[in-house]
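Thanks for sharing this one. Here are a few notes to read alongside the model.

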Amino acid sequence: MKNSAPLETACKQYEEDLVLHYYGENGDNERRRVEQHLTSCHSCRRFLGDLQRVLPQMAGAEEMPQAFWDNYYRETVSKLAEQEERKFWWRSLFNPMRTWMAPAFGTVAVAVLVVGLVIGKGNLRLFVEPRGESIPREILADQNQLEFFESMDMLEALDRLENQDDQKTDTTNGESNRAELPGVVA
Amino acid sequence: MRDEELVALSQQGDRHCFEILVRRYMEKAYHIAFNFTRDSETAKDLSQDAFLRAYANLKQFNGRSSFYTWFYRIVVNLCLDHARRHRRVAWESLDRMSEEPAEQRQLADSSYAPEEQALAGEAKRRVNETLETMPKKQRAAFLLRNHQGLSIADVAKVMKTTEGTVRVYLHRAVAALRQSLVEFV
């Protein structure tokens, strides 16, 4: 800032318009109105001149060397790659470069399957025969016992049928005997 | 390739397209952050963080606004957040020019005049103080318009406010800066 003269005070009602005028942000009507006012107002002209002198100097960005930007770009790209790697870490497992991973995964999978089956089978047996609650052997019905009981049931059913037949025969015989005896009429 | 095309490809997972956007906006992002923080390392960290966040949230960008207003909003929000966490900002670094050895300035500036340079340094310090004490949004509006050259409409989009509000911020900021320079002399 080579010239440090104070900013001139502008007309209060034009101050905001002058700021917008400086930035080229007011509409056509406003611009014309401000320009017309500027022709007759020395203070506002000075004020605008001060803005034109001071504000661009404030905006002056520090020039950085090309090496800075190259380094900045490399760093940002590297950080982006790291971020993506963290987000998709599981992709690295299937990276084709890691060819040794496939047989290793296969072996581990087979081992897990075998162990699972062995343990699973044991568990199934335990489930069928829970420890501490074993049923007495005498009570357990094997195939022979079942056949025995089935045949017993059948024999009992035949006996019942025979008895019923015998009872029917007895009843029929009794009635015929009564008919033959004339004195025995109800 | 236009920003929209690069964004669309980046959204599909093409990181190299996003890297083109990084190259395109890294200087602007850095300068916004530097205007807020006045510290080169912090500005670099903040602006790089803005790129990382933009890439991570790129799927949320719906294209209703331009990429740069969306991206600037991320940068400005990070800067405002940083300013909230570090209330005292090291504005002194802007005074580097006034703190440079006299010989260097004399060589660099053919129109060197010690008295004028001293006044300029002091004026710059006062401007920086004024910017530091300014309300954060007012400062953001002023820096985006004056330092970054964004239109008032774009500043309003970046700050998610109305153009009228930005005009008021801008006028107040300029008025405060003018006041600081009046007091200075």
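1. A word on confidence first: pLDDT is the predictor's confidence in each residue, on a scale from 0 to 100. Chain A averages a pLDDT of 75, and 63% of the residues score at least 70. This is a predicted model, in which local features need pLDDT of at least 70 and side-chain atom pairs count only at pLDDT 80 or more, while totals for chains, interfaces and linings use all residues. Residues are numbered from 1 along each chain as its sequence is written, and chains are lettered from A in the order in which they are written.

2. Within chain A, helix 2 (residues 28-40) has the highest confidence, at 92, and helix 6 (residues 143-180) the lowest, at a mean of 71. Helices are DSSP runs (H or I, at least four residues), numbered from the N terminus.

3. Please look at the interface: chain B gives 34 residues to the contact and chain A gives 27, where contact means C-beta atoms, placed from the backbone, within 7 Å. Helix 2 of chain B supplies the largest share of its side, 9 residues.

4. Helix 4 of chain A (residues 66-87) and helix 2 of chain B (residues 15-37) have axes that come within 10 Å and cross at roughly 135 degrees. Axes are lines fitted to C-alpha atoms, for helices over the stretch in contact, with angles from 0 to 180 degrees between N-to-C directions. The two helices are therefore oblique to each other, that is, outside the ranges under 35, 65 to 115 and over 145 degrees.

5. Among the residues that meet there are A:Trp69, A:Tyr72 and A:Leu80 from helix 4 of chain A, and B:Phe18, B:Val22 and B:Met26 from helix 2 of chain B.

Conventions
Two residues are in contact if their C-beta atoms, placed from the backbone, lie within 7 Å.
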